[in-house]
Amino acid sequence: MEQYWTPKSLAERTGVSVPTLHFYEKKGLLFALRTAGNQRRYRRDMARRIAFIQAGQRVGISLAEIKATLDQLPEDRTPTSADWAAISQSWTTLLNERIRRLEAMRDKLTSCIQCGCLSLEKCQIYNPNDRAAHNSAHHNMLEP
């Protein structure tokens with residue numbers, strides 16, 4: 001027989017607040033069943049989902065990206081090792097691309113600040129979407 005937890009029990013076991021559980025549920029990250037009295041009850045595997053959500057957030061994955069990932073998993077079973085391996089690979093690729101872009105910006109930062117302009121008209125740090133800046137001879141901070 002499957003065990004179900006109240007929001008309070010799940011919150012205590014996972015270290016998140018009850019309002020956080022409700023927020024995650026509203027965002028489609030968690031699922032609750034309802035009793036005859038309309039009270040929420042969570043399956044035990046929702047604790048694993050919460051750990052997954054928190055781990056993703058700690059490494060910089062947005063809730064929207066976490067939801068997209070969870071949406072690919074079956075609802076009727078706990079994810080397998082193969083499921084987690086595929087998710088890990090996908091997130092590693094995503095994080096590596098973010099790191100590459102940040103490193104490119106970091107490497108260009110000194111030369112951009114060194115140019116001395118930092119103007120709202122030209123600077124790609126302060127005004128990255130200005131068309132005049134894109135047409136100027138100034139450094140383009142957003143392109144690696």
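**Exercise 1. Determine which residue follows helix 3 and what the sign of its phi is.**

Solution. Gly 60 comes after helix 3, and its phi is positive, near 95°. The model is a predicted one. A comparable case is found after helix 2, where Gly 28 follows with a positive phi, near 85°.

**Exercise 2. State how many helices and strands the protein has, and give their order.**

Solution.
Step 1. The count is 6 helices and 3 strands.
Step 2. Read from the N terminus, the order is β-α-α-β-β-α-α-α-α.
Step 3. For the whole protein of 144 residues, buried residues make up 28%.
Step 4. The accessible surface comes to about 9500 Å², and carbon and sulfur atoms hold 52% of that.
Step 5. Among contacts with a separation of 6 or more, 46% join residues 24 or more positions apart.

**Exercise 3. Check whether the span of helix 3 agrees or disagrees with its number of residues.**

Solution.
Step 1. Helix 3 covers residues 45-58.
Step 2. With 1.5 Å a residue, its 14 residues should span 20 Å.
Step 3. The end C-alpha atoms of helix 3 are 20 Å apart, so the expected span and the model agree.

**Exercise 4. List the buried residues of helix 3, then examine Ile 50 and Gln 54.**

Solution.
Step 1. The buried residues of helix 3 are Asp 45, Met 46, Ala 47, Arg 49, Ile 50, Phe 52, Ile 53, Gln 54 and Gly 56.
Step 2. Ile 50 has a relative accessible area of 0%, and therefore counts as buried.
Step 3. Gln 54 has a relative accessible area of 19%; the cut-off for buried is under 20%, so Gln 54 is buried as well.
Step 4. Beyond four places in sequence, Ile 50 is in contact with Leu 10, Thr 14, Val 16, Leu 21 and Leu 30.
Step 5. With the same neighbours left aside, Gln 54 is in contact with Thr 14, Val 16 and Tyr 24. Thr 14 and Val 16 thus appear in the contact lists of both Ile 50 and Gln 54.
Step 6. Ile 50 and Gly 15 are separated by 35 residues in sequence, while their C-alpha atoms are 9.4 Å apart.
Step 7. A general point bears on the spacing of such positions: an α-helix has 3.6 residues a turn, so residues three or four places apart point the same way.

**Exercise 5. Show where the buried residues of helix 2 lie around its axis, and what covers them.**

Solution.
Step 1. Leu 21, Tyr 24 and Glu 25 are buried in helix 2.
Step 2. Viewed down the helix axis, these residues fall within an arc of 100°, so they line one face of helix 2.
Step 3. Pro 19 and Lys 26, on the other side of helix 2, are exposed.
Step 4. The cover over the buried residues includes helix 1, strand 2 (33-34), strand 3 (40-43), helix 3 and helix 4.

**Exercise 6. Identify the residues of the largest nonpolar core that touch the most other members, and the helices that supply the core.**

Solution.
Step 1. The core has 20 residues, and those touching the most other members are Leu 10, Leu 21, Leu 30, Ile 53, Ile 66 and Leu 70.
Step 2. At least two core residues each come from helix 1 (7-14), helix 2 (18-26), helix 3, helix 4 (63-71) and helix 5 (81-115).
Step 3. Helix 3 gives the largest share, 5 residues.
Step 4. Take Leu 30 as an example: past four places in sequence, Leu 30 touches Leu 21, Tyr 24, Glu 25, Tyr 42, Met 46, Arg 49, Ile 50 and Ile 53.

**Exercise 7. Classify the aromatic pairs that Phe 52 forms with Trp 84 and Trp 91.**

Solution.
Step 1. The structure holds 3 aromatic pairs.
Step 2. In the pair of Phe 52 and Trp 84, the centres are 4.9 Å apart and the planes are at 45°, which is a tilted arrangement.
Step 3. Phe 52 belongs to helix 3 and Trp 84 to helix 5, so this pair ties together parts 32 residues apart in sequence.
Step 4. Phe 52, at 9% relative accessible area, is buried, whereas Trp 84, at 25%, counts as partly exposed.
Step 5. The rings of Phe 52 and Trp 91 have centres 5.0 Å apart and planes at 25°; the pair is therefore stacked.
Step 6. Trp 91 is also in helix 5, 39 residues from Phe 52, and both Phe 52 and Trp 91 are buried.
Step 7. Taken together, Phe 52, Trp 84 and Trp 91 form one aromatic cluster.

How values were computed. Residues are numbered from 1 along each chain as its sequence is written. This is a predicted model: local features need pLDDT of at least 70, side-chain atom pairs count only at pLDDT 80 or more; totals for chains, interfaces and linings use all residues. Side-chain values use heavy atoms; hydrogens and water are left out. Helices (H or I, at least four residues) and strands (E, at least two) are DSSP runs, numbered from the N terminus. Buried means under 20% relative accessible area, exposed over 50%, partly exposed in between (1.4 Å probe, protein chains only). Contact means heavy atoms within 4.5 Å. A nonpolar core is a set of buried Ala, Val, Leu, Ile, Met, Phe, Trp, Tyr and Cys residues joined through side-chain atoms within 4.5 Å. The expected span of a helix is 1.5 Å times one less than its number of residues. Rings of Phe, Tyr and Trp (its six-membered ring) pair if their centres lie within 6.5 Å; planes under 30 degrees apart count as stacked, over 60 as edge-to-face and the rest as tilted. Accessible areas come from the Shrake-Rupley method with a 1.4 Å probe; for residues, only the protein chains shown count as cover. The arc is that of the directions from the helix axis to the C-beta atoms.
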